[in-house]
Amino acid sequence: MVDCHGREINYMRISITDKCNLRCRYCMPDGVTLTNMSELLSYEEIVSVCQQAVSLGITRFKVTGGEPLVRREADKLVAMIKEVPGVEQVTLTTNGILLKEYAEKLKMAGIDGINVSLDTLNAEKFREITGFDALNKVLEGIDAALKAGLKVKINSVLTKDNADYRSLISFAQEKGIVLRFIEMMPIGYGKEQEGISNRWILDRLEEEYGKLRKASENLGNGPAVYYRLPGKESVVGFISAIHGKFCSSCNRIRMTAMGEIKPCLCYDTSISVKEPLRAGNMADVKARLIWSMAQKPYAHCFEEVEKITEAKKMVQIGG
Ligand code: SAM
Ligand code: SF4
């Protein structure tokens, strides 16, 4: 469907849990009040929403959370969405902690790719950021995913006190993985963090390599801009929500684990599909998806923090 600002909406992020096995300081340092399982959409209900979304032109889905792999049999959901006629792509974003045990299962489920969130390769920093001494688990997870033949991307959110972009780039190049730097967004605890701008990283890279050219590959569903570093195999991407506002090409809506459809990360506007879903009223589910797309604002207001109306934490939305 094309929204009222002329943007084609073809991508949906689906959160399947608000639980997580990490406590990232910019996301859920103190945990969240957990939702009762009966409040969450079941896998069958999520698939029903996907069917309606497909009928509106949304053909690409990202499974997220909380940490999606803490919900039992997340791989089964991936397989179920993949079976919906018209679905072109199902991917998943994970912190990688449980990836070692899930890599093969996700491959079997037919997943089209995974994003692993990893902000540092320093074990002590990792503990500081996530609250757990578990860097090795993530690294093992990445290796297992590569071994299983999964397409892997790494997403890194850097901050003033965690800005070692070089190690992450070297690691990604060594593994042949696409790395993307994501700017910290002022949502939830992100407001209290001192993020760094992607322009700063690009400037440092250009000091080292000279003027960088954009890579021609279109590697994802989103707003990442990719560059190839001279002499390096893999490209490096930049998702610059703050310093490179990309709202004019925004192609997505989001669904929380409770079935709230969100048109934009920045605002608290949402509509629930749970009630019509549980009443078997699929026409109403579809109508609510259409309403949500029609509500998509022209742009976010992250640069004017006082205008942000979304009070949920990132973990409750799905990033
Ligand atoms: N647990 C999974 C993970 O970490 O990939 C999926 C959910 S997590 C909320 C999705 C993404 O949101 C992660 O890459 C995380 O780094 C990012 N994120 C969380 N809070 C953020 C913020 N305030 N600004 C930018 N990205 C954020
Ligand atoms: Fe968990 Fe992901 Fe949030 Fe970290 S960013 S606390 S891994 S949901």
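This is a short walk through a few side-chain environments in the structure shown above. Please keep in mind throughout that we are looking at a predicted model.

Let me begin with the nonpolar interior. The largest nonpolar core has 102 residues, and helix α1, which covers residues 43-55, gives the most to this core, with seven residues. Among the residues with the most contacts inside the core are Met-12, Ile-46, Phe-61, Ile-114 and Phe-181. As a general remark, nonpolar side chains in soluble globular proteins tend to be buried together. To take one of these core residues in more detail, Ile-114 is in contact, once its neighbours within four places in sequence are left aside, with Leu-92, Leu-99, Leu-106, Ala-145 and Leu-150, and also with Lys-151, Val-152 and Lys-153.

Phe-181, which I have just named, brings me to the aromatic residues. The structure holds three aromatic pairs, and in one of them Phe-181 and Phe-238 are tilted, with 5.8 Å from centre to centre and 35° between the planes. Phe-181 belongs to strand β6 (residues 178-182) and Phe-238 to strand β8 (residues 235-239), so this pair ties together parts that are 57 residues apart in sequence. Phe-238 also pairs with Tyr-227, where the ring centres are 5.8 Å apart and the planes stand at 75°, so that this pair is edge-to-face. Because Tyr-227 sits in strand β7 (residues 225-228) and Phe-238 in strand β8, the second pair ties together parts that are eleven residues apart in sequence. Taken together, Phe-181, Tyr-227 and Phe-238 form one aromatic cluster.

Are these rings buried or exposed? Phe-181 and Phe-238 are both buried; for Phe-238 the relative accessibility is 3%, and Tyr-227 is likewise buried, with a relative accessible area of 9%.

Next, a polar residue, Gln-173, which lies in helix α6 (residues 165-175). The cut-off for buried is under 20% relative accessible area, and Gln-173, at 14% relative accessibility, therefore counts as buried. What does the side chain of Gln-173 reach? It reaches the backbone nitrogen of Glu-233, at 3.2 Å. Leaving aside neighbours within four places in sequence, Gln-173 is in contact with Lys-232, Glu-233, Ser-234 and Val-236, and the last of these, Val-236, falls within the residue range of strand β8, 235-239.

Finally, I turn to ligand 2, which is surrounded by Cys-20, Leu-22, Cys-24, Cys-27, Met-28, Gly-66, Asn-95 and Val-315. This shell divides into six nonpolar residues, two polar ones and no charged ones.

Methods
Residues are numbered from 1 along each chain as its sequence is written. Chains are lettered from A and ligands numbered from 1 in the order in which they are written. This is a predicted model: local features need pLDDT of at least 70, side-chain atom pairs count only at pLDDT 80 or more; totals for chains, interfaces and linings use all residues. Side-chain values use heavy atoms; hydrogens and water are left out. Helices (H or I, at least four residues) and strands (E, at least two) are DSSP runs, numbered from the N terminus. Buried means under 20% relative accessible area, exposed over 50%, partly exposed in between (1.4 Å probe, protein chains only). A polar contact is a pair of N or O atoms within 3.5 Å; within protein, one must be able to donate a hydrogen and the other to accept it, and residues adjacent in sequence count only if both atoms are side-chain atoms. Contact means heavy atoms within 4.5 Å. A nonpolar core is a set of buried Ala, Val, Leu, Ile, Met, Phe, Trp, Tyr and Cys residues joined through side-chain atoms within 4.5 Å. A residue is near a molecule or strand if one of its heavy atoms lies within 4 Å of it. Ala, Val, Leu, Ile, Met, Phe, Trp, Tyr, Cys and Pro count as nonpolar, Asp, Glu, Lys and Arg as charged, and the others, Gly among them, as polar. Rings of Phe, Tyr and Trp (its six-membered ring) pair if their centres lie within 6.5 Å; planes under 30 degrees apart count as stacked, over 60 as edge-to-face and the rest as tilted.
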